[in-house]
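Student: Let's go through this model by asking about its contacts, strands and rings. Please show me the sequence and structure.

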Amino acid sequence: IAGVNGDVVIPDSVTNIRNGAFCSCTSLTSVTIPDSVVSIGEEAFRGCSGLTGIVMPNGVTSIGNYAFYGCRGLTSVTIPDSVTSIGEYAFYQCYSLTSVTIPDRVTTIGGHVFHECSGLTSIVIPNSVTSIGDAAFRDCRGLTNVTIGNSVTSIGDYTFSANVSLTNITFLGDAPSVEATTFNNLTANCT
């Protein structure tokens, strides 16, 4: 693995970033992941609070539980089109995250995935997603607009709870059954 001044370039020979590989590397600022990588393991970059940028290639199919948990400096994430699953707590407490693109192949958004990502202002859940886990967007206090794709049939407990800025929720299909706590403490318009 090559690296200079907090930047890491993972070599092309790597296919999996193992569980906890860079856990708590607080001086890590950017990571370039090669096309050869297909999975990012659990807690791979957990607690890398200095990480501001990550390049994920098209080819990664799964992002493990807690993969980027507590990466407080991370500002934007483009999840490649090849990703089909995002594990629980994957981006939990990424406070600086202002932009996320979720690709059309993702079918499930796990519990607490973007919990406490207070920098997020809008999110589009693609039509491929069928379920959104518990507290997936809880305490995203900057979130103002949410668009939910037409295939969502299940939204978990506290999913959008305590999002004090959330003013618009748009369902592209029929609104699914939700738990009593899903939209707890909100005054948003739902269309």
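Student: Which residues does Phe45 touch, not counting residues up to four places away in sequence?

Tutor: First, the ground rules: this is a predicted model, where local features need pLDDT of at least 70, side-chain atom pairs count only at pLDDT 80 or more, and totals for chains, interfaces and linings use all residues. Residues are numbered from 1 along each chain as its sequence is written, and side-chain values use heavy atoms, with hydrogens and water left out. Contact means heavy atoms within 4.5 Å. On that basis Phe45 touches Ile17, Phe22, Leu28, Val31, Ile40, Leu51, Ile54, Ala67, Phe68, Tyr69 and Cys71.

Student: Which residues have the most contacts inside the largest nonpolar core?

Tutor: A nonpolar core is a set of buried Ala, Val, Leu, Ile, Met, Phe, Trp, Tyr and Cys residues joined through side-chain atoms within 4.5 Å. Buried means under 20% relative accessible area, exposed over 50%, partly exposed in between (1.4 Å probe, protein chains only). The largest core has 53 residues, and those with the most contacts inside it are Phe45 and Phe91.

Student: Which elements give two or more residues to this core?

Tutor: Strands here are DSSP runs (E, at least two residues), numbered from the N terminus. The contributors of two or more residues are strand S12 (122-125), strand S14 (145-148) and strand S16 (168-171).

Student: Along S12, which side chains are buried?

Tutor: In a regular strand the side chains alternate between the two faces of the sheet. S12 alternates too: Ser122 and Val124 point to one face and are not buried. Pointing to the other face, and buried, are Ile123 and Ile125.

Student: In S14, what is the bridge partner of Val124?

Tutor: Two strands pair if DSSP finds at least two bridges between them. S12 and S14 pair in the parallel sense over 4 bridges. Val124 has as its partner in S14 Thr147.

Student: What is the strand order in the open sheet of 7 strands?

Tutor: The pairing in this sheet is parallel. Its edge strands, each pairing on one side only, are S3 (16-17) and S15 (154-155). Inside it, S7 (residues 62-63) and S9 (residues 85-86) pair over 2 bridges, with Ser62 opposite Ser85. The order is S3-S5-S7-S9-S11-S13-S15.

Student: How many aromatic pairs are there, and is the pair of Tyr69 and Tyr89 stacked, edge-to-face or tilted?

Tutor: Rings of Phe, Tyr and Trp (its six-membered ring) pair if their centres lie within 6.5 Å; planes under 30 degrees apart count as stacked, over 60 as edge-to-face and the rest as tilted. A search of the whole structure finds 11 aromatic pairs. For Tyr69 and Tyr89 the centres are 6.4 Å apart and the planes at 35°, so this pair is tilted.

Student: How far apart in sequence are the parts tied together by Phe91 and Phe114?

Tutor: These rings form a stacked pair, 5.4 Å centre to centre with 5° between the planes. Phe91 is buried at 0% relative accessible area, and Phe114 is buried at 0% too. Phe91 lies in the loop between S9 and S10 and Phe114 in the loop between S11 and S12, so the parts are apart by 23 residues.

Student: Which residues do ring pairs link into a cluster?

Tutor: Phe91 and Phe114 are among them. The full cluster is Phe22, Phe45, Phe68, Phe91, Phe114, Phe137 and Phe160.

Student: Which residue lies over the face of Tyr69?

Tutor: A charge sits over a ring if NZ of Lys or CZ of Arg is within 6 Å of the ring centre and within 35 degrees of the ring normal. Tyr69 counts as buried, at 17% relative accessibility. At 4.1 Å from its ring centre lies Arg46.

Student: Which backbone atoms does the side chain of Asn163 reach?

Tutor: Asn163 lies in the loop between S15 and S16 and is buried, with a relative accessible area of 0%. Its side chain reaches the backbone oxygen of Phe137 at 3.0 Å. It also reaches, at 3.2 Å, the backbone nitrogen of Asp139.

Student: What phi does Asp139 have?

Tutor: Most residues other than glycine have a negative phi. Asp139 lies in the loop between S13 and S14 and counts as buried at 16% relative accessibility. Although not a glycine, Asp139 has a positive phi of about 60°.

Definitions and conventions: A polar contact is a pair of N or O atoms within 3.5 Å; within protein, one must be able to donate a hydrogen and the other to accept it, and residues adjacent in sequence count only if both atoms are side-chain atoms.
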